[in-house]
Amino acid sequence: MASPATKVAPMSGADFKTRLRNLGRSHAAFAIEIGASLRSVDRWANSGPPPEVAYLVDLLTTLELHVVGRPSFPDQLDRLMERAANQGRLAEFVEATRRWYADRHIDDFDV
């Protein structure tokens, strides 16, 4: 049985860049998200991604843009918090978030 990635039409570098932009992802953010190097993502933006990455981008496009819509603020905040935790910077992230809320006079922020 063929894997789903083998059924994906080849994706050009230009199409890959456009799709990432439409998904609201930079090369660096996408690299972190999928565990690839920034160098690989930059290479894919020039020559097109491998089939499994093209499949993933198609899947993300379908799920995030057509079904789910743009990620909500809590989803984005969760992603940022997870990234900070993975980098050992959770306390800094929480403090920065507290300051952001305080600067906007939001009183009901309880962690």
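Reader: Hi! Which side chain does Asp15 meet in a salt bridge?
Author: Asp15 pairs with Arg19, at 3.6 Å from N to O. Keep in mind that this is a predicted model.

Reader: Sure. How are Asp15 and Arg19 placed in helix 1?
Author: They sit 4 residues apart in helix 1, so about one helical turn separates them.

Reader: And how exposed are those two, as relative accessibility?
Author: Asp15 has 28% relative accessibility, so it counts as partly exposed. Arg19 comes out at 23% and is also partly exposed.

Reader: Which residue forms a salt bridge with Arg19 at 2.1 Å?
Author: That's Asp58, with 2.1 Å between the closest N and O atoms. The pair links distant parts of the chain, as Asp58 belongs to helix 4 and Arg19 to helix 1, 39 residues apart. Asp58 is partly exposed, with a relative accessible area of 25%. Taken together, Asp15, Arg19 and Asp58 are linked in a network of salt bridges.

Reader: Nice. How many salt bridges are there by this rule?
Author: The count comes to 4 salt bridges. One of them joins Arg25 and Glu33, whose closest N and O atoms are 2.5 Å apart.

Reader: Is Arg25 buried or exposed?
Author: Buried: its relative accessibility is 8%, and the cut-off for buried is under 20%. Its partner Glu33 is partly exposed, with a relative accessible area of 37%.

Reader: Switching to rings. How many aromatic pairs do you get?
Author: There are 2 aromatic pairs. Phe16 and Phe30 make an edge-to-face pair, with 5.8 Å centre to centre and 75° between the planes.

Reader: Which parts of the chain does the pair of Phe16 and Phe30 tie together?
Author: Phe16 lies in helix 1 (residues 13-22) and Phe30 in helix 2 (residues 27-34), so the pair ties together parts that are 14 residues apart in sequence. Both rings belong to buried residues, Phe16 and Phe30.

Reader: What about the rings of Phe16 and Trp44, how far apart are their centres?
Author: Those centres are 6.1 Å apart and the planes are at 85°, so this pair is edge-to-face. Trp44 lies in helix 3 (residues 38-47) and Phe16 in helix 1, so parts 28 residues apart in sequence are tied together. Ring pairs thus link Phe16, Phe30 and Trp44 into a cluster.

Reader: What relative accessibility do Phe16 and Trp44 have?
Author: Phe16 is at 0%, so it counts as buried. Trp44 is buried as well, with 11% relative accessibility.

Reader: What does Phe16 contact, leaving aside neighbours within four places in sequence?
Author: Phe16 is in contact with Met11, Phe30, Val41, Trp44, Ala45, Pro49, Val53 and Val57.

Reader: And the largest nonpolar core, which residues touch the most other members?
Author: Phe16, Phe30, Val41, Trp44, Val53 and Val57 do, out of 13 residues in that core. Helix 1, helix 2, helix 3 and helix 4 are the elements giving two or more residues to this core.

Reader: Which helix gives the most to this core?
Author: Helix 4 does, with 4 residues. As background, nonpolar side chains in soluble globular proteins tend to be buried together.

Reader: Now the surface. Which residues form a nonpolar patch there?
Author: Tyr55, Leu59 and Leu63 do, and together they have about 240 Å² of accessible area.

Reader: Where is Tyr55, and how exposed?
Author: Tyr55 is in helix 4 (residues 51-68). At 32% relative accessibility, Tyr55 counts as partly exposed.

Reader: Last one: where does Ala36 sit?
Author: Ala36 is in the loop between helix 2 and helix 3. Its relative accessibility is 24%, so it counts as partly exposed.

Reader: What does Ala36 touch, not counting residues up to four places away in sequence?
Author: Ala36 touches Ala31, Val41 and Trp44. Two of those names came up earlier: Val41 and Trp44 are among the core residues that touch the most other members.

Definitions and conventions:
Residues numbered from 1 in each chain as written. Predicted model: local features only at pLDDT ≥ 70, side-chain atom pairs only at ≥ 80, totals over all residues. Heavy atoms only, no water. Patch = residues over 30% accessible without salt bridge, like charges linked within 9 Å, V, L, I, M, F, W, Y side chains within 5 Å. Areas by Shrake-Rupley, 256 points an atom, 1.4 Å probe, with all protein chains shown as cover. Buried < 20%, exposed > 50% of the residue type's maximum accessible area, 1.4 Å probe, protein only. Phe/Tyr/Trp six-rings, centres within 6.5 Å; stacked < 30°, edge-to-face > 60°. Core = buried A, V, L, I, M, F, W, Y, C linked by side-chain atoms within 4.5 Å. Contact = heavy atoms within 4.5 Å.
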